[in-house]
Amino acid sequence: MSGDHLHNDSQIEADFRANDSHKHKDKHKDREHRHKEHKKDKEKDREKSKHSNSEHKDSSEKKHKDKEKTKHKDGSSEKHKDKHKDKDKEKRKEEKIRLSAGDVKIKKEKENGFSSPPRIKDEPDDDGFYVPPKEDSKLLKRPREDDDAEYKPKKIKTEDIKKAKKRKQEEDEDNKAKKAKSKDKKVPEGDKKKKPKKEEEQKWKWICVLNNWLTFWWEEERYPEGIKWKFLEHKGPVFAPPYEPLPENVKFYYDGKVMKLSTKAEEVATFFAKMLDHEYTTKEIFRKNFFKDWRKEMTPEEKSTITNLSKCDFTHMSQYFKAQTEARKQMSKEEKQKIKEENERLLKEYGYCVMDNHKERIANFKIEPPGLFRGRGNHPKMGMLKRRIMPEDIIINCSKDSKIPAPPPGHKWKEVRHDNKVTWLVSWTENIQGSIKYIMLNPSSRIKGEKDWQKYETARRLKKCVDKIRNQYREDWKSKEMKVRQRAVALYFIDKLALRAGNEKEEGETADTVGCCSLRVEHIKLHPELDGQEYVVEFDFLGKDSIRYYNKVPVEKRVFKNLQLFMENKQPEDDLFDRLNTSILNKHLQDLMEGLTAKVFRTYNASITLQQQLKELTNPDDNIPAKILSYNRANRAVAILCNHQRAPPKTFEKSMMNLQSKIDAKKEQLADARRELKSAKADAKVRRDEKSKKTVESKKKAVQRIEEQLMKLEVQATDREENKQIALGTSKLNYLDPRISVAWCKKWGIPIEKIYNKTQREKFAWAIDMAEEDYEF
DNA sequence: TGATAAACTTAGAATCGGCAGA
DNA sequence: TCTGCCGATTCTAAGTTTATCA
């Protein structure tokens, strides 16, 4: 099945087509707008019903829930199913009529809150009771500050320990042959092949060459499930530098007149000024949010004067910052060196921690500076002020017996806790979404490396049972239960197309993006026949980071028919899988395989695809650059599968032209060299002496050298062109089992540096050390 | 059991910095 | 020595999954 991903030309072609997503932006904006309008209408209706039903709300809600429970528990409602379905249809019809008649737009409130019937053939007959609108979840949320104040360390779930034991047992059984090495250590299967002698060498290599502890980490004591460390010491975070007011000569103008701003207002104004050249500042939402938050920082006088953002002139400020950037570039070597040294000092002091017996690099030890929030896509909160984080916002996590970091003079931490069931060192709550931000360790750390390794081991376990799971979901396409069918079709998409799970999102809090479970009817089109193919589904939606997913995929007839069924009597804004969410799906997956979640399919399919593609594309006779091109192509196939797109680099056309002119020049050089060789040969034929023979040889070598250089350039051009809108890094870093790449390098004698840069080699040190050339994912 | 919080992974854009060629 | 390019690195947003609580 996973082969599907690769040989599906239409998909690849479509994905390439998808890359001009910006062309379709307007269409999407329009849709998004319509969806929002629709949701607004729903909200209004909810408000209405809230008022009219407020008295009965509680009791009817409870009743509904109870009925819902009973219905799902037993199959007693089966006999009523037909009636129910008819009623349901009737209701929808009514609504359709009302809607088309221009009546108040009321989103159909289905029984159980679902749009589709629970059973496919027969329908239970119930009252079609009204589902009360959801409470505004914002109101239900507890203030986070309280949470923090009453922090309790988490309990270790006994369940986890049981699970861990069980898994370990399985692994041990699986690895009987290799058991001698593993004993009490929890080492994932498949990585214990190495002969002791080689192990010693490897260990030594690590000690000598990298002075890295990595070699040891699977030799070390394992902690009980849930415990992440025993000792943790660090110096706390580095705060953003304080605001430096602008020099007197840098002016801000309002309505054409110079206006001196208060420090607070000025600081926020500089955030906008620094972004003046960015498209963001032209967007209405961005401007609106910025202005609203900016006004909060103004003095009453400023507030009464500055009432219109369009009358604000930030250009002078903007020019000042540009000049500063320029000046920074023009700094002398010494000045640059000084800055570099200061950064190194900071890194040395704050960039590392001690976790258990090891000094570990911290990923992000600097607190995010204040600024304007840059949401991706059509984010409703873009432009809002990201406030400055103070020590009083910071929670420090370290061990009791460590030297607790000191807050900056005159300040104190919000809290110091000692929770060794989490991996973060520092946390704070940001003000835009109210979410928690963390300072954690670098990917090269033990704690991250181990987790990464574990992730690929889970994906490898899926490999063993994926056929069974696929057969199961195929069976489920025929299920009598709507929920089961929807789950099976969604899983098919996740597996075949590597879609993300698709959690529900809070409306108005984020951009309108979806994943598999949250797909709406408007995101797919069904074509019984398209371009000579049967049963084609056309996907068009915005996924994570508002990256467009566009794909036309032929699917199996049963899937197609099911989709028709799921879409029946639904509005474009309705959920396609109205009886499914990620938690239902993941619970089901957990039953199929321990540790299985929707995400694992992406990892599995990405890695297996890389392995297959490498086998297919690597030509043993190729030289190293050509083999690397094959590797990149295999990587690209995965990136396409996972829809990892990037904006084409701004200088792309130019750099391609430069490369092309280099190629042309090289071709001319080659032609010259060949001419010279020809005449040298002719000369040697006449003279027949040693000197002319030698000349021929050296000319031959020159031709060869130039040919190689030309080939290298041409390969580079191909690679770059194919990579125009595809980002390889994401899949390389997050989805491809590094042991596949390491094994491939070893097999074909490719230096690992050609595939992984320094940082990547650090992150994948565990894999580089482990994998031999015969490693199989 | 469902909602929400917390923890952690995945993601693309922005920025940095080193190097090749003018 | 300067400039521009490009890969590396940093930054932080946006997901998924797990844990917790009512």
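Is Tyr735 buried or exposed? Select Tyr735 to begin. Its relative accessible area is 13%, so Tyr735 is buried; the cut-off for that word is under 20%. Keep in mind throughout that this is a predicted model.

**Stop 1: around Tyr735**

Tyr735 sits in the loop that runs between α23 (729–734) and α24 (738–748). The unreviewed UniProt entry carries the annotation "active site", and that annotation covers Tyr735.

Now show the residues around Tyr735. Setting aside neighbours within four places in sequence, its contacts are Tyr456, Arg602, Thr603, Ala606, Ser607, His644 and Thr730. Pick Arg602 from that group: the side chains of Tyr735 and Arg602 make a polar contact at 2.9 Å.

**Stop 2: Gln725**

Go next to Gln725, in the loop between α22 (690–722) and α23. Gln725 has a relative accessibility of 15% and therefore counts as buried. Select Ser518 as well and draw a line between the two C-alpha atoms. Gln725 and Ser518 are 26 Å apart in space, C-alpha to C-alpha, and 207 residues apart in sequence.

**Stop 3: the nonpolar cores**

Select Leu462, Phe493, Leu499, Phe539, Leu563, Phe577 and Phe601. These residues belong to the largest nonpolar core, which has 77 residues, and they touch the most other members. Then colour helix α16 (residues 482–497), which supplies nine residues, the largest share of this core.

Which residues does Phe577 touch, not counting those up to four places away in sequence? They are Gln486, Val489, Ala490, Phe493, Cys516, Cys517, Leu519 and Phe566.

There is also a second, separate core, of 28 residues. To find this second core, select Phe271, Phe286, Phe290 and Cys312, which are among its members.

**Stop 4: a sheet of three strands**

Finish with the open sheet, in which three strands follow the order β3-β2-β4 with antiparallel pairing. Which strands stand at the edges? Select β3 (257–258) and β4 (312–313): each has a single partner strand, so one side of each has no neighbour in the sheet.

Add strand β2 (residues 253–254), which pairs with β4 in the antiparallel sense over two bridges. For a closer view of β2 and β4, show Tyr253 and Asp313: Tyr253 stands opposite Asp313, a residue of β4.

Key:
Residues numbered from 1 in each chain as written. Chains lettered and ligands numbered in written order. Predicted model: local features only at pLDDT ≥ 70, side-chain atom pairs only at ≥ 80, totals over all residues. Heavy atoms only, no water. UniProt positions renumbered as here; feature names shortened; annotations may be inferred. Helix = DSSP H or I, 4+ residues; strand = E, 2+ residues; numbered from the N terminus. Buried < 20%, exposed > 50% of the residue type's maximum accessible area, 1.4 Å probe, protein only. Contact = heavy atoms within 4.5 Å. Polar contact = N/O pair within 3.5 Å; in protein donor to acceptor, adjacent residues only side chain to side chain. Core = buried A, V, L, I, M, F, W, Y, C linked by side-chain atoms within 4.5 Å. Pairing = 2+ DSSP bridges.
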